[in-house]
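Got the model open in your viewer? Keep the selection box handy, and we'll go from stop to stop.

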Amino acid sequence: MNHELPGMSIAHQTHEAALSALGSSWQGLAGPEVKRRLAEFGPNQVEATAREPLWLLLLREFSHFFALILWLAAGLAFLAEHFEPGQGMAELGLAIVGVIVVNGCFSFWQAYRAEQALDALRQLLPQRVNVRREAQVADVDAAELVPGDVVLLAEGSKVPADCRILESWGIRVNLATLTGESRPKVRSTEVDVALANDPLSARSLLLAGTLIVAGECSAVVYATGMRTEFGRIAHLTQTVGETESPLQKEIRRVSRLVALLALGLGVLFFAIGHFVGLPFWANFMFAIGIIVANVPEGLLPTVTLSLALATQRMAKRNALVRHLPAVETLGSATVILTDKTGTLTQNLMTVRESFVSGRHHLAAKRWPRGHDLRLRAVARFCHTLKFPHGLSGQPSGDPMETALWQFAGTIPELGRRADEIPFDAERRRMSVVTRRDDGSGFLWCKGAPEVVMPLCTDWNEGEAPRPFDTAAQAMFRRAHEDMADRGLRVLALAWKPLAQGEDAVEERLELCGLIGLEDPPRPDVHEAVTRCHTAGLRVIMVTGDHPHTAVALAREVDVVRTANPLVLTGDAVRRMSPAELQLALDAPEILFARVTAEQKMLVVEALQHKGEIVAVTGDGVNDAPALKTADIGIAMGLSGTDVAREAADIVLLDDHFATIVNAIEEGRAVFENIRKFLTYILTSNIPEILPYLAFVLFRIPLPLTVIQILAVDLGTDMLPALALGAEKPHADVMNRPPRPRHERLLSWSVLARAYLFLGPLEALGALAAFFFVLEAGGWHYGDLPLSTDPLYLQATTACLAAIVLAQMVNVFVCRHPLLPAWRFPFFENRLLLVGLATEALLLLAIVYTPLGNRLFGTAPLAADVWLFALPFALLLGFAEEARKWVNRRMSA
């Protein structure tokens, strides 16, 4: 049910009219009315979206395309076992089902663990709030607030619902979680019709999820739950659909290609077998062998485990991966759309610069003292800070005032605080009066330069006052403009002495100087952005801050390098058509300022329509929709809101922008590593297929059984393939641009290398070893021994051993498509050594143990068979290194 509320019109009305429109009063609502409204409007909380049940999520892990291929292969194996028992097809079927179950459960467990975070959207809202009902103040659960409730808020409070201010005393609000802007905003009871169409700008409104950093107020609630601005942004996040990652698309494409190839060859050779006169069941078994040989059963678990290992490496580098495919997606990113506040900056106001005695002074750990004593005195005494732990402790309150207080340092006691002329939106300044015991004292004033400077008649040059004449005014105006153009927030600080009994009036002041404050960039951001440029990544800043501030920070951290970058405000984006926005993004350098959550989503979608793979960073509620829409969402773990972390694919545990670059490096390595082990496992398909072709076409004994094929695919090949998936990023991975979006994981070059070069070399060694054993045992062409014949068992074992030996050499040459194997330290990848040792032990167990002989139809081999097969394995290594050498010479 949709209930219309006064909503935006509240900002147009006086507080009396607002109370009347909401059916409330200064005394608040009555108990029965609260119950009625709670039943009508529902609890003040963000509604959770309906999630798929766990059983359905688990089922999906067993029903994607590649899993269906494996189910088909297992089904065919069980069918063959039914009609032709004793051929090992039942064991084959069970092994394939085991692969499906283990991989599906592993993937489900990874996803399940990632989604176990608490309900982030509800956690952001405060749990308890002071509310006035029937003229009595009560402490109630924030979820029980209803429209018309009168709430009492003070410094440090999180706003529990969208409210219209009734009374206020120096209220300033941090809107960073909604807008991304770090500077606190002044709020008051005034009606501002010009801004009332934008709730984020309306001065009389307080919005759910924001933080009161100074002052206190009473306010009437006009929107709760999903009807708040917070709820609207949350709804955007919830309704954004899940996007398929580039890796998921590539795995789906590889699966279909492999399925078509396997089924196509199975049907083709079934037809060939029928043509040459094979019996039906023998022919059917032959077709199943072709299909099983072509389906890389180890691909899916190897990809999953490789991604899992990459997530562990990234966690060590302070990047927490919530969704496994996000690892590779980040590596393929072409654009980083980054927030400013809290991402590039520290979300902490500090004094950057002062203009005192006619000169600029940069901030430093040790400020020169003496020339700016009065400036520091104003900074020390003119504030509304509170000191919960005494004057020796850290203050709480407005971050800007805290920065000024810290900048001031220790100042001699100049009297006790006696009075205050509070800040408000019209005056844009505040003053504090301190008095000595004799009644004399000082007035300390700070505020916007354009309102403080007209109140001044003198200015400080050192300790000497000078007339604030036209020349001085022009000098300070130029300094103000210069500091503002560099993105600093500029304040003017002034003072005057007060005689005994003199009234504190803000006139005939003495200007001490100007202070420039900033939200400083993180220390390592500049280097990280430079690495992004080197890696061919485009970095675009999207912020809720002022354009001047955005451009200044972008220049400082190297996001902007040219003299005239294109700066688009949120209003400009709102007026643009999708085509205009896409064309604007063609600008060499562009940044966005004063943008809303929806506009940030529009920028993400426009980049995606241009074919870019977009990574979005952010930490606020306002970033969540864009994080969800992007190909890869990256949230700040320390300073970020729970909403942003919930919407993201990757969470930075240390909040360092540089960690993104490290994560991109790992992501790029993942794609290269998957290609390496894809080449490795596809290579063995050829020596698994060719024996079946030779069996049908040349009427020879079958050199390799189906169960032996499975011993390679799911046994000996698994750990070496996984070791290739765990290779560290190569040194040059961040010195080249992102891979093109159309570049395939299973490219024609990969297929050609595996199927037309490495595979045939392996097949040559495997068939040679098979015939070597048969010839040594007195076999003659045309003889078809029984499957239990000891000579035949030894021959198929020799074929299997030759394939595994070749794969043990192949794993080294697959470490890089161009560089020689000896360029990679032998002990650099310890998992590779473990994989090779395990592969050798598995092969020995298959060949020399009774259990291995019984399960895989093998027999022990003499030493001369190993010596015969070994040179063929080495031949593969030498031939591949020669091919690489030729390619390097040709590309040089």
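**Stop one: an enclosed helix**

Select α26 first: nine of its 11 residues are buried, so the helix is largely enclosed by the rest of the structure. Buried here means under 20% relative accessible area, with exposed over 50% and partly exposed in between (1.4 Å probe, protein chains only). Colour the buried ones if you like: Val706, Ile707, Gln708, Ile709, Leu710, Ala711, Val712, Asp713 and Thr716.

Some housekeeping before moving on. This is a predicted model, where local features need pLDDT of at least 70 and side-chain atom pairs count only at pLDDT 80 or more, while totals for chains, interfaces and linings use all residues. Residues are numbered from 1 along each chain as its sequence is written, and side-chain values use heavy atoms, leaving out hydrogens and water. Helices (H or I, at least four residues) and strands (E, at least two) are DSSP runs, numbered from the N terminus.

**Stop two: its partner**

Keep α26 (residues 706-716) on screen and add α29 (residues 790-813): their axes come within 10 Å and cross at roughly 25°. That makes α26 roughly parallel to α29. For the angle classes, under 35 degrees counts as roughly parallel, over 145 as roughly antiparallel, 65 to 115 as roughly perpendicular and the rest as oblique. The axes themselves are lines fitted to C-alpha atoms, for helices over the stretch in contact, and angles run from 0 to 180 degrees between N-to-C directions.

Which residues of α26 meet α29? Show Gln708, Val712 and Thr716 as sticks, then Thr796, Thr797, Leu800, Ile803 and Val804 on the α29 side. Contact means heavy atoms within 4.5 Å. By class, the contact of α26 with α29 has four nonpolar, four polar and no charged residues.

**Stop three: another helix pair**

Now select α28 (residues 748-776) and α32 (residues 863-891), which pack at about 165° with axes 9 Å apart. That angle makes α28 roughly antiparallel to α32. The α28 side of the contact includes Phe757, Leu761 and Phe772, and among the α32 residues are Phe868, Phe872 and Leu876. The contact of α28 with α32 divides into 13 nonpolar residues, one polar and six charged.

**Stop four: a buried asparagine**

Jump to Asn460, in strand β15 (residues 456-461). Is Asn460 buried or exposed? Asn460 is buried, at a relative accessible area of 3%. Draw a distance from its side chain to that of Glu510 and you'll find a polar contact of 2.4 Å. A polar contact is a pair of N or O atoms within 3.5 Å; within protein, one must be able to donate a hydrogen and the other to accept it, and residues adjacent in sequence count only if both atoms are side-chain atoms. Leaving aside neighbours within four places in sequence, Asn460 also touches residues including Ser357, Arg374 and Trp495.

**Stop five: two arginines with positive phi**

Select Arg594, in the loop between β21 (590-593) and α21 (597-609). Phi of Arg594 is near 55°, a positive value in a non-glycine residue. Arg594 counts as partly exposed at 33% relative accessibility.

Then go to Arg699, in the loop between α25 (685-697) and α26. Arg699 has a positive phi of about 55° and is partly exposed, at 44% relative accessible area.

**Zoom out**

Reset the view: the protein chain has 32 helices and 24 strands, and 56% of its 892 residues are buried.

How values were computed:
Ala, Val, Leu, Ile, Met, Phe, Trp, Tyr, Cys and Pro count as nonpolar, Asp, Glu, Lys and Arg as charged, and the others, Gly among them, as polar.
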